[in-house]
Amino acid sequence: MLISIEKKYKELYNEKPLLVRSPGRVNIIGEHTDYNEGFVLPAAIDKAIYVAVGKRADEAIHLFSVDYKEAYQVLLSEIQPTKTWATYILGVVHQLVQRGYSIGGFNLVIDGDIPIGSGLSSSAAVECATVFALNELFSLGIDKMEMVQIAQKAEHEYAGVMCGIMDQFASMFGKKDQLIKLDCRSLEYQYEPLRLDGYKLVLFNTNVKHSLASSEYNIRRQQCEQGVAWVKMLYPEVNSLRDISMLMLDECVLPKDTLIYKRCKFVVEEIQRLLEACEYLEKGDIVSLGKKMFETHRGLSKEYEVSCKELDYLVDAVKGNHAVVGSRMMGGGFGGCTINIIKEGAIEEIAAMLCTEYKKVMQLDLITHVVAIGDGTAIQYL
Ligand code: ADP
Ligand code: MG
């Protein structure tokens, strides 16, 4: 893909570009915890977005998407959100300009192999690739953490998705064979090696993305905020669900609203579950870690209610199979992929069986991706 994107850039602009790669991500456990100031445990994967960039002599931005076979051109002074793929790139430009960084016109060609809209955060990868490339091209001297924040803000303001920080962080800071335990309150993080001996990470893509996804996401955020506000009335020192115990929820939220209670309970327990999962990880106990993933799925499906029948079907179908130690829906919900830890020798058979059954029951194709954990955003040399 590196060779073909460079070729495309040369064909369009007749010069050699700067090349940047930024990966998609998985998250082992810790779902919907990032915007509640909890922990997450993501990793970058071996599927990525690639951008080729170069300066222009004028103040124009010329973009070309290989996948959409489409060009987009605009003057730097006239950028605004669009409903197209270009918005993720322009959102980053907007953030840079707003923060007073001095950039000029540029050309950019984009290509990638992250399945789009499947919960692997192709959008975050686009943003991270763009900010990293422009930082390099215009020698802006921005550190990686600020680049992550710029990428996240671009998603908020130009794509209208009020995402937490995990996706952009994982894409930027990923490291080969390492998970990242990120504290979303302090932004402190540490790498934790994932020793999967004999097992692999496998994604089963439902191939659905229900339209509820973004509206329900924003509703969940509000429900969590409501729970915090009620606890705060009695415990003014709390600022997020991270600071809140089950006892506090029982005391302050349960008497007020059982739905909000259910939502908050999931988050409080999920933060705890992640910490326990990390202990298993350190001991190399993948089987116990996997059990936690099943528990997370149950919570996401029954309490947080962000699953759907296709995701539930795929998790239920592998439950009880000794070769599958863990399975759960991943990402915002209402479609996308399940993430599974499966014995290497059994993957082919399980994938084939699931594919046939899923087609029969849902009339949909199932796509299987075996993923490896790779490095984060970086310049690429040919
Ligand atoms: P995801 O879960 O993959 O992040 P989103 O809906 O948040 O799903 O973001 C997907 C959007 O990101 C696409 O609709 C497109 O605008 C942009 N995108 C992803 N991959 C590419 C690509 N290869 N080329 C151009 N734009 C892309
Ligand atoms: Mg996204």
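This passage describes the surroundings of ligand 1 and the settings of three individual residues in a predicted model.

Ligand 1 occupies the largest pocket of the protein. Its shell comprises 15 residues, of which Asp-67, Gly-117, Ser-122, Ser-123 and Lys-209 approach nearest. By residue class, this shell consists of 6 nonpolar, 7 polar and 2 charged residues. Helix 3, which spans residues 122-137, supplies the largest share of the shell, namely 3 residues.

Polar contacts to ligand 1 involve both side-chain and backbone atoms of the protein. In the side chain of Asp-67, an N or O atom lies 2.8 Å from a nitrogen atom of the ligand. An oxygen atom of ligand 1 is placed 2.9 Å from a backbone N or O atom of Gly-117. The side chain of Lys-209 likewise contributes an N or O atom, at 3.1 Å from an oxygen atom of the ligand. Of the 570 Å² that ligand 1 exposes when taken alone, 86% is buried by the protein.

Away from a description of the ligand, Gln-152 was examined for its place in the fold. Gln-152 belongs to helix 4, which covers residues 144-159. The relative accessible area of Gln-152 is 15%, and this residue is therefore classed as buried, the cut-off being under 20%. Along the chain, Gln-152 and Ile-165 are 13 residues apart, while their C-alpha atoms are separated by 6.3 Å.

Backbone geometry was considered next. Most residues other than glycine have a negative phi. Against this background, Asn-14 has a positive phi, near 60°, although Asn-14 is a residue other than glycine. Asn-14 is situated in the loop that runs between helix 1 (2-13) and strand 1 (18-27). With a relative accessibility of 71%, Asn-14 counts as exposed, because the value is over 50%.

A positive phi is also found at Glu-305, where the angle is near 50°. Glu-305 lies in the loop between helix 9 (286-302) and helix 10 (309-318). The relative accessible area of Glu-305 is 32%, so Glu-305 is assigned to the partly exposed class, which falls between the buried limit of 20% and the exposed limit of 50%. Both residues with positive phi described here, Asn-14 and Glu-305, thus occupy loops, with Asn-14 exposed and Glu-305 partly exposed.

Note on methods
Residues are numbered from 1 along each chain as its sequence is written. Chains are lettered from A and ligands numbered from 1 in the order in which they are written. This is a predicted model: local features need pLDDT of at least 70, side-chain atom pairs count only at pLDDT 80 or more; totals for chains, interfaces and linings use all residues. Side-chain values use heavy atoms; hydrogens and water are left out. A residue is near a molecule or strand if one of its heavy atoms lies within 4 Å of it. A polar contact is a pair of N or O atoms within 3.5 Å; within protein, one must be able to donate a hydrogen and the other to accept it, and residues adjacent in sequence count only if both atoms are side-chain atoms. Accessible areas come from the Shrake-Rupley method with a 1.4 Å probe; for residues, only the protein chains shown count as cover. On a 1 Å grid over the protein atoms alone, a cavity is a set of points where a 1.4 Å probe fits but cannot get out, and a pocket is an open set with protein on both sides within 12 Å along at least five of seven lines; lining residues have an atom within 4 Å of a point. A molecule sits in a cavity or pocket if more than half of its atoms lie within 2 Å of its grid points. Helices (H or I, at least four residues) and strands (E, at least two) are DSSP runs, numbered from the N terminus. Ala, Val, Leu, Ile, Met, Phe, Trp, Tyr, Cys and Pro count as nonpolar, Asp, Glu, Lys and Arg as charged, and the others, Gly among them, as polar. Buried means under 20% relative accessible area, exposed over 50%, partly exposed in between (1.4 Å probe, protein chains only).
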